[in-house]
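The exercises below ask the reader to work from the overall fold towards a single side chain. Each task is followed by a solution that goes step by step.

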Amino acid sequence: MSEPSPDAIFMARARLDEAQDIFCEDCGPALIFALQSGETALSLDMPTLLQCLYLAEKKTAVPKLGAA
């Protein structure tokens, strides 16, 4: 099976279905977001979401986040 092109990946936007607090035996409490893109269901954890937000901030796609 061939890998999708970068254009195909960026055009397959996911939508948020729900967010759920879970407890992981290995990592403790976590907030997991359930996403849906066509027939594909996937999840996104809070650390990954924060990494995405960090990159968006570095690329000035979102305002600089402060502790103020």
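Before the exercises, one definition is needed: two strands count as paired if DSSP finds at least two bridges between them. The model is a predicted one.

**Exercise 1.** Determine which elements the chain contains and in what order they run.

*Solution.* Begin with the inventory, in which the secondary structure comes to two helices and three strands. Then read the elements from the N terminus on, which gives the order α-β-β-β-α. The radius of gyration is 15 Å, well over the 11 Å that the globule rule gives for 68 residues, so the chain is more spread out than a compact globule. The box that the C-alpha atoms fill, taken along the principal axes, is roughly 45 × 35 × 20 Å. Two further values complete this description: buried residues make up 10% of the 68 residues, and, among contacts between residues at least 6 apart in sequence, 4% join residues at least 24 apart.

**Exercise 2.** Work out how the strands are arranged in the sheet, and which of them are edge strands.

*Solution.* The first step is the strand order, which is E1-E2-E3 in an open sheet of three strands with antiparallel pairing. The edge strands are E1 (15-24) and E3 (40-45), since each of these pairs on one side only. From one strand to the next, the twist averages 25°.

The next step is to look at E1 and E2 together: E2 covers residues 28-37, and its antiparallel pairing with E1 extends over nine bridges. These two strands form a hairpin, with three residues between them. Individual bridges can then be assigned, including the one in which Glu18 has Ala34 of E2 as its partner, and the one in which Ile22 is matched with Ala30, also in E2.

**Exercise 3.** Describe how helix H2 is placed against the sheet, and decide whether Glu57 is buried or exposed.

*Solution.* Helix H2, which spans residues 46-58, packs on the sheet and touches both E2 and E3, while its direction makes about 80° with that of E3. Glu57 is found in this helix, H2. To classify Glu57, compare its relative accessible area of 17% with the cut-off, under which a residue is buried if the value is under 20%. Glu57 is therefore buried. The last step is to list what surrounds this residue: leaving aside residues up to four places away in sequence, Glu57 touches Val62, Pro63, Lys64 and Leu65.

Note on methods:
Residues are numbered from 1 along each chain as its sequence is written. This is a predicted model: local features need pLDDT of at least 70, side-chain atom pairs count only at pLDDT 80 or more; totals for chains, interfaces and linings use all residues. Side-chain values use heavy atoms; hydrogens and water are left out. Helices (H or I, at least four residues) and strands (E, at least two) are DSSP runs, numbered from the N terminus. Axes are lines fitted to C-alpha atoms, for helices over the stretch in contact, and angles run from 0 to 180 degrees between N-to-C directions. Contact means heavy atoms within 4.5 Å. Buried means under 20% relative accessible area, exposed over 50%, partly exposed in between (1.4 Å probe, protein chains only). The radius of gyration is taken over C-alpha atoms; the globule rule is 2.2 Å times the number of residues to the power 0.38.
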